[in-house]
Amino acid sequence: MIVPLMHLLILASILFSLGLICVLIWRSNVIMLLIGIEIMLNAAMLTFVAGSNQWGQPDGQVFALMIMAMTSAEVSLALALVVYLHRRKKTVDVDEFRELKDQ
Amino acid sequence: MEQTLFYILATVTVIATLFAISEKHPVHAIVYLVTSFFALAIVFYLLAAPLIAMFEMIIYAGAVMVLFLFVIMMLDLGSPEDAKRPSLMHCLPALVLSGIILASLALLVSTRSATIATATHVVGVKEFCVALFGRYGVAIEIISMQLLFAVVGALYLGRRRKS
């Protein structure tokens, strides 16, 4: 362990709060909202890897890998949704997207 | 040496993320975020997780961010001069929630009990792979099915409609 676990947890929670701020304030742009989700998932991955290093168990790294696979699935679906909705409404404002159904 | 490197990389990560979330232009935000992910990948390497560090670089900074850039350029969102800045009303819940997180963190730091005993042995790549494909083999199958469903869903959403 190169640094105490507490410092890693501090870094992870700062990153998580930054991602949360990004998600909550960028309601006018759905791309920035997805970026905020990426930042929060990275903070979670940092916590898993730090715990794996602290206790010498490989499980934390396995879960970090699963978060990564989950993120790539989520991003591909979310960006396909963004392309679809932009084709219909010509905007990326989240407040404009209230229904998926064609009227 | 490693400690100094860690603190430098942590500072780079936080500052790059700060720039990324305050940037109005999505392409600039993506580039700042790639910087942040590279720094975080080296932090993972310092934490004795070389495979996770490589995957962070290849999948996050490589694939996911390029996918974002691709969608931004395809939808022509690269000129956001008419995009509106978030107002103070929108910032208020974000500031309150992050204040709660940081206050609980400060409470945790100030009332910390004795330090936890650190494990002596380091997780190697071999041990990681044995755990991944042995104990978590079913989870790998489920993850692959999830990726397949994501592909099918993306193809369904992205298809051209006739009208």
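Which residues in α2(A) meet which residues in α3(A)? I began my notebook with that one.

**Ground rules.** I am looking at a predicted model, where local features need pLDDT of at least 70, side-chain atom pairs count only at pLDDT 80 or more, and totals for chains, interfaces and linings use all residues. Residues are numbered from 1 along each chain as its sequence is written, while chains are lettered from A and ligands numbered from 1 in the order in which they are written.

**Entry 1: the helix pair.** I looked up the α2(A) side and found V30(A), I31(A), L34(A), E38(A), L41(A), A44(A), M45(A), F48(A), V49(A), G51(A) and S52(A). They meet D59(A), G60(A), Q61(A), F63(A), A64(A), I67(A), T71(A), V75(A), A78(A) and V82(A) of α3(A). I sorted this contact by class and got 14 nonpolar, five polar and two charged residues. Here Ala, Val, Leu, Ile, Met, Phe, Trp, Tyr, Cys and Pro count as nonpolar, Asp, Glu, Lys and Arg as charged, and the others, Gly among them, as polar. Contact means C-beta atoms, placed from the backbone, within 7 Å. Helices are DSSP runs (H or I, at least four residues), and strands are E runs of at least two, numbered from the N terminus.

I then checked the geometry: α2(A) and α3(A) pack at about 170°, with axes 8 Å apart. Axes are lines fitted to C-alpha atoms, for helices over the stretch in contact, and angles run from 0 to 180 degrees between N-to-C directions. The two helices are therefore roughly antiparallel, a label for angles over 145 degrees.

**Entry 2: one residue of α3(A).** I picked I67(A), which lies in helix α3 of chain A. Beyond its neighbours within four places in sequence, I67(A) contacts L41(A), A44(A) and M45(A). The C-alpha atoms of I67(A) and A44(A) are 8.5 Å apart, with their positions 23 residues apart along the chain. I67(A) is partly exposed, because 15 other C-beta atoms lie within 10 Å; 20 or more would make a residue buried, and 12 or fewer exposed.

**Entry 3: α2(A) by itself.** I found 19 of its 26 residues buried, so α2(A) is largely enclosed by the rest of the structure. Its end C-alpha atoms are 38 Å apart, which agrees with the 38 Å expected at 1.5 Å a residue. That expectation is 1.5 Å times one less than the number of residues. After α2(A) comes G56(A), with a positive phi near 70°.

**Entry 4: across to chain B.** How many residues does each chain bring to the contact? I noted 61 residues from chain A and 65 residues from chain B. On the chain A side, α3(A) gives the largest share, 21 residues.

Chain B has six helices and zero strands. I looked at its α2 (residues 26–46) and saw that its buried residues pack against α2 of chain A together with α1 (2–22) and α3 (50–74) of chain B. Among those buried in α2(B) are L33(B), F37(B), L40(B) and F44(B).

**Entry 5: the core.** The largest nonpolar core (buried Ala, Val, Leu, Ile, Met, Phe, Trp, Tyr and Cys joined through C-beta atoms within 7 Å) has 64 residues. V49(A) and F44(B) are among those with the most contacts inside it. I followed V49(A) last: its contacts include A64(A), F44(B) and I52(B).

Conventions: Two residues are in contact if their C-beta atoms, placed from the backbone, lie within 7 Å. Angles under 35 degrees count as roughly parallel, over 145 as roughly antiparallel, 65 to 115 as roughly perpendicular and the rest as oblique.
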